[in-house]
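Please open the structure in your viewer and keep a selection tool at hand. The stops below move from a pair of strands to the ligand and back to the neighbouring strands.

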Amino acid sequence: MRIAVVGAGIIGACTALALARRGHAVKLIERGQPMQETSSASSKLLHGGLRYLETGHFGLVRKSLLARRAWLEQAPHLCHPLELMIPIYRGQGRPKWMLGAGVRLYDWLSTGSGFPESRWIPAAELKSIRPDLKQEGLLGAYAYHDAQMDDLALGEWVVRQATELGVELETDREIHQLEELDEFDRIVNACGPWAMNLRSQQPGTPAYRLDWVRGSHLIIDRLCPTALFLQVPDEKRIFFVLPYKKKMLVGTTEIRQECPDNAGANEKEIDYLLRAINACLSPGVSRAEIAESFSGVRPLIKGNQNASAASREWAFERVGKVTHIYGGKWTTAQIQAEESVKWILQ
Ligand SMILES: Cc1cc2nc3c(=O)[nH]c(=O)nc-3n(C[C@H](O)[C@H](O)[C@H](O)COP(=O)(O)OP(=O)(O)OC[C@H]3O[C@@H](n4cnc5c(N)ncnc54)[C@H](O)[C@@H]3O)c2cc1C
């Protein structure tokens, strides 16, 4: 079949590749350059999502942990295992027993993925590894493994795999109307946060709707010896402090938006992230050390007609010859793409 995939973020790129592997004639159409939006503004983690254990999404975590391994096997030059430490303080944040149980469950769900098991690091050892962590009440840290990627480079690698298999990439072309693609047998809407723009051109109420939640990161001009999984003081939210390209990556925020367009990190978000990190590190980070900030908009599914959709990471809807893709994560993009194929080809 002749299939047009609109949107060359990681979801569109993996979908185009999955279709090309089955011998279809695929055109991947992107209004700018591949990976220019959400897919290059992530936290750069290929992860199962330790925090999803708290909400009981065990199946999704297991799937993501296996997906994490697949990326490492396919492109070891663009991603690597990363040990993350969760410092535990007396009387603050989630209790030690809960985090201990969480990392052990994560180990168990990772069985067969080839990653080292979690470990406990006593306070004295932790101090020598991260002398910049605030020491008062510090009991030690649990350390567990996930993986880190260069999201832009890994995404571009996927696009290259696709074009080498015959996918035709057309950049700098925005699809305004689905009719522009009438010549194709199938159309795939992989516009990420902008998916509703194409869906709204078709009849009927969309089966799913999106919540647009912006996430911002700071890149701090400072070396970061290890990755940290930290809790925002006085909140349940967690944030990451990660080594990235010889700098320190801090994020993220969650700001609900009324539209999919990315407004960039605002002053409030920058202050929020600085406050969070300065509650954990000493010496603290000054504004002058911020090398850069970047943001992306999460295309999260909100429950509409289908109440269970609210807890799903991704979903598909077929209207005529158009398959609409909603939601998704970077880590699981290849699994999502495989699942999308049966919707597209039916
Ligand atoms: C702050 C943040 C942190 C994250 N961290 C992680 C993480 O660490 N690990 C993880 O697994 N996931 C993470 N995610 C989730 C992940 O990044 C996204 O789910 C994923 O990148 C979405 O990819 P996408 O292809 O759907 O969207 P996008 O990357 O936004 O791609 C959509 C593409 O469609 C194009 N487009 C839109 N409309 C049109 C049109 N009409 N015509 C042509 N082209 C069009 C856009 O230009 C864009 O390139 C994070 C997300 C955010 C926001």
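In which sense do β9 and β14 pair, and over how many bridges? Select both strands in this predicted model: they pair in the antiparallel sense, over twelve bridges. For one position along that pairing, pick Ile219, which stands opposite Glu292 in β14.

Next, select the ligand and display the 37 residues that surround it, the closest being Glu30, Ser39, Leu45, Gly328 and Thr331. Coloured by class, this shell divides into 14 nonpolar, 15 polar and eight charged residues.

Now turn to the backbone atoms, where a backbone N or O atom of Ile11 lies 3.1 Å from an oxygen atom of the ligand, and a backbone N or O atom of Trp330 likewise lies 3.1 Å from a ligand oxygen atom. At Ser43, a backbone N or O atom lies 3.0 Å from a nitrogen atom of the ligand. Taken alone, the ligand exposes 1,000 Å², of which the protein buries 97%. The elements that give two or more residues to the shell are α1 (10–21), β9 (209–220) and β14 (290–302), with the largest share, three residues, coming from β14.

Return to β9, where eleven of the twelve residues are buried. Add strand β13 (residues 255–257), which pairs with β9 in the antiparallel sense over three bridges, and find Val213 opposite Arg256. Finally, select strand β12 (residues 247–251), also antiparallel to β9 and paired with it over four bridges, where Met248 is the bridge partner of Ile220.

Note on methods
Residues are numbered from 1 along each chain as its sequence is written. This is a predicted model: local features need pLDDT of at least 70, side-chain atom pairs count only at pLDDT 80 or more; totals for chains, interfaces and linings use all residues. Side-chain values use heavy atoms; hydrogens and water are left out. A residue is near a molecule or strand if one of its heavy atoms lies within 4 Å of it. A polar contact is a pair of N or O atoms within 3.5 Å; within protein, one must be able to donate a hydrogen and the other to accept it, and residues adjacent in sequence count only if both atoms are side-chain atoms. Accessible areas come from the Shrake-Rupley method with a 1.4 Å probe; for residues, only the protein chains shown count as cover. Ala, Val, Leu, Ile, Met, Phe, Trp, Tyr, Cys and Pro count as nonpolar, Asp, Glu, Lys and Arg as charged, and the others, Gly among them, as polar. Buried means under 20% relative accessible area, exposed over 50%, partly exposed in between (1.4 Å probe, protein chains only). Two strands pair if DSSP finds at least two bridges between them.
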